[in-house]
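Hi everyone, thanks for coming. I'd like to walk you through one protein chain today, so have a look at it on the screen and then we'll go through it piece by piece.

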Amino acid sequence: MIKGTITRISGPIVYAEGLASCGLYDVVDVGEKKLIGEIIRQNNGVSTIQVYEDVCGLHIGEQVVSSGRPLSLKLGPGLVGTIYDGIQRPLKQMYEQSGIYINAGQRAECIDGEKKWDFDCVVSEGEEISAGKILGYVQETGSIKHCIMVPPYIKGKALKSVKGSGSYNVDEVIAVTDLDEELYLSHYWPLRKPRPYAEKLEVSQPLITGQRVIDVFFPLSKGGTAAIPGGFGTGKTMTQHAIAKWCDADLIVYIGCGERGNEMTDVLTDFPKLIDPRTNRSLMERTILIANTSNMPVAAREVSLYSGITLAEYYRDMGLHVAIMADSTSRWAEALRELSGRMEEMPAEEGFPAYLPTRLAEFYERAGRVKTFTGSEGSVSVIGAVSPPGGDFSEPVTQHTKRFIRCFWALNRELANSRHYPAIGWIDSYSEYADEIKLWWNGKDPRYSQARAEALALLKKEDRLQQIVRLIGSDALPEKDNLVLIVCEMIKNGFLQQNAFDEIDSYSSPQKQILLLLLILTFYNKSLELLKMGCPLLKIRDLDCRKEIIKAKSVVKNDDIEGLNKIQTDMENEFSGLENLYRKDAIV
């Protein structure tokens with residue numbers, strides 16, 4: 001046990017002597033209250049320590065004790081459904097110990113060490129093992145079957161002894177290797193170190209979110225990376241909540257990084273009440289929450305993202321598809337900036353440290369679809385919210401984030417002000433996964449790729465036409481261009497806009513999504529033919545089917561394909577009547 005002495009205190013940054021033989025990123029207990037800290041720099045016998053708790057009352061001369069290991073998370077059954085802070089302290093247990101305020105140096109077991117888990121052993125004595133081999137299973141929740149695996153750092157090649165199936169807590173030995181290494185239901189893993197895997201795979205399947213603007217226009221793949229940038233009040237948190245509830249990931253890790261206390265309170269109170277639409281059980285049975293609000297220690301905010309991604313990689317190694325919601329990476333970057341300033345480092349653009357892009361890359365590059373050591377397939381999809389000041393997408397965090405993500409959902413202030421949610425702007429947003437997952441979508445409906453391209457082209461044309469309309473009015477446009485304005489209004493109101501509080505419209509199945517879009521595009525193409533026959537645009541605009549198509553999103557249920565087919569039939573009948581009328585006029 002190595003001990004040192006505090007020589008200087010600068011907010012959450014503490015300097016100490018006597019720890020020169022400690023390793024970088026070793027965890028230390030700081031002061032009499034044993035605050036949790038981490039060595040982040042060694043310089044000529046002076047150790048720079050990042051403290052993850054409030055340092056009020058800390059004095060120069062107090063003792064610092066090294067644990068001799070890096071900051072690590074305890075991984076095992078009991079993680080799912082728990083609410084942690086940024087350094088894996090369970091907030092519920094902390095509240096039971098000290099009330100509404102966390103005491104300095106307060107500790108709590110991150111996983112309940114008393115609870116017994118029913119372990120179903122699938123290995124036997126003498127069996128060969130390797131990193132990632134499954135020793136058995138624990139039913140962690142009704143939605144998650146937890147694989148107990150050989151940790152990647154184990155060097156033994158065979159099992160010398162195995163206890164077998166039974167009830168154990170997370171700290172009981174369940175097996176011993178030929179090198180006398182003890183195996184438990186849980187193990188520790190350094191949170192800054194990515195967990196290994198057998199092979200990285202190409203992305204090929206979309207992460208279905210049930211949000212039409214995302215799934216059809218700007219899709220995210222399983223194992224992909226996305227950013228949601230937007231100013232205050234544009235709906236970043238609302239969009240992430242909708243994705244967390246409806247996406248087809250097996251597990252959700254939600255990181256509230258530097259967000260306002262009232263927003264995190266909403267998450268903590270709402271999530272346990274939500275019902276998982278796939279299992280009809282509580283959504284918390286497949287959710288881990290990390291709450292690190294803006295008034296909590298800034299250093300813990302910096303490490304909370306690594307905590308979340310480590311938890312996600314652990315469940316990925318079991319062959320699960322995990323989605324991370326990081327809200328928001330801007331607050332995380334601000335924590336980096338504050339800590340960098342305390343350490344008197346040379347600032348880069350807008351005061352952020354020069355290593356901001358590197359840290360962003362370290363986080364986003366840990367996403368991906370992989371082949372695990374057991375031969376199964378797992379993935380980690382990362383969705384990071386960005387809060388640029390004043391909605392300025394040219395600021396450093398947004399610009400550097402765009403370098404490391406392939407899906408960009410730009411929130412639009414005008415859409416949010418007009419109560420159009422999700423307020424994802426179709427002009428500034430993009431997705432590089434569209435081509436890679438089109439085979440999956442074309443398997444659902446071969447018309448997907450063409451319909452998506454046609455709809456996006458119409459929306460871009462409408463954006464140019466709106467600039468003309470603002471100058472000279474819509475009356476100066478030819479009827480063909482006015483038709484584009486009408487159809488794009490249908491796309492916006494009948495397809496892109498989605499009501500999160502509507503029982504039917506809150507989630508849209510892939511089949512319903514593509515059929516809704518095809519209905520609108522069919523309306524457009526048939527209207528073009530009528531305009532060529534000489535039919536006035538006014539008559540087309542007043543067709544009953546146009547109103548029915550717009551209402552279909554909240555009237556026709558996901559499994560009611562016949563309802564959409566009926567709208568299609570009614571539309572064809574209305575157009576046939578007009579076509580017959582103007583065809584006769586043309587003959588006369």
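**A walk through the chain**

Let's start at a small spot: Ser328 sits in the loop between strand E21 (321–327) and helix H6. Before I go on, please keep in mind that this is a predicted model. So what kind of peptide bond joins Asp327 and Ser328? It's a cis bond, with omega at about 0 degrees.

Right after that loop comes Thr329, which has its place in helix H6, residues 329–342. Is Thr329 buried or exposed? It's buried, and its relative accessible area is 0%. Setting aside the neighbours within four places in sequence, Thr329 touches Leu305, Tyr364, Gly384, Ala385, Val386 and Val397.

Asp327 turns up again in another set of contacts. Thr237 belongs to helix H3, residues 236–246. Again leaving out neighbours within four places in sequence, Thr237 is in contact with Asp327, and also with Tyr254, Glu259 and Glu263. Thr237 counts as buried because its relative accessible area is 14%, and the cut-off for buried is under 20%.

Okay, let's zoom out to the whole chain. There are 588 residues, and 56% of them count as buried. How many helices and strands are there? The chain has 16 helices and 25 strands. Along its principal axes, the C-alpha trace spans about 100 × 55 × 40 Å.

Here's a figure about how the chain meets itself. If you take contacts with a separation of 6 or more, 70% of them are between residues 24 or more positions apart.

As for the outside, the accessible surface is about 24900 Å², and carbon and sulfur atoms make up 49% of that. On charge, I get 68 positive and 79 negative side chains, with the centres of the two sets 2 Å apart.

Now to the inside. Which residues have the most contacts within the largest nonpolar core? They are Phe217, Trp409, Ile491, Phe495 and Phe523, in a core of 87 residues. Helix H13, residues 510–533, gives the largest share of this core, with 13 residues. There's another core lying apart from it, with 82 residues, including Cys110, Ile129, Leu159 and Val386. You've met Val386 already, as one of the contacts of Thr329.

Let me pick Ile491 as an example from the largest core. Without its neighbours within four places in sequence, Ile491 is in contact with Ala455, Leu458, Leu459, Leu496 and Ile520.

Next, a strand. In a regular strand, side chains alternate between the two faces of the sheet. Have a look at strand E7, residues 72–75, with that in mind. Ser72 and Lys74 are on one side, Leu73 and Leu75 are on the other, and all of these are buried, so both faces are covered. What about its partner? E7 runs antiparallel to strand E16, residues 187–190, and four bridges join the two. Within that pair, Leu73 stands opposite Trp189 in E16.

Let's go to helix H16, residues 561–587, where Gly563 has its place. Gly563 is buried, at 15% relative accessibility. The C-alpha atoms of Gly563 and Thr82 are separated by 42 Å, and along the chain these residues are 481 apart. Leu581 is in H16 as well. Is Leu581 buried or partly exposed? It's partly exposed, with a relative accessible area of 38%. From C-alpha to C-alpha, Leu581 and Cys535 are 9.2 Å apart in space, with their positions 46 residues apart in sequence.

Last, some backbone oddities to look up on your own screen. Another cis peptide bond joins Tyr421 and Pro422, where omega is about -5 degrees. Pro422 lies in the loop between helix H9 (413–417) and strand E25 (430–431).

Then there's Asn44, which isn't a glycine but has a positive phi of about 50 degrees. Asn44 is in the loop between strand E4 (35–43) and strand E5 (46–51). Asn44 is exposed, with a relative accessible area of 76%. Asp180 isn't a glycine either, and its phi is positive too, about 60 degrees. You'll find Asp180 in the loop between strand E14 (173–177) and strand E15 (182–184).

That's my tour, thanks for listening!

Note on methods
Residues are numbered from 1 along each chain as its sequence is written. This is a predicted model: local features need pLDDT of at least 70, side-chain atom pairs count only at pLDDT 80 or more; totals for chains, interfaces and linings use all residues. Side-chain values use heavy atoms; hydrogens and water are left out. A nonpolar core is a set of buried Ala, Val, Leu, Ile, Met, Phe, Trp, Tyr and Cys residues joined through side-chain atoms within 4.5 Å. Buried means under 20% relative accessible area, exposed over 50%, partly exposed in between (1.4 Å probe, protein chains only). Contact means heavy atoms within 4.5 Å. Accessible areas come from the Shrake-Rupley method with a 1.4 Å probe; for residues, only the protein chains shown count as cover. Lys and Arg count as positive and Asp and Glu as negative; His and the chain ends are not counted. The place of a charge is taken as NZ of Lys, CZ of Arg, CG of Asp or CD of Glu. Two strands pair if DSSP finds at least two bridges between them.
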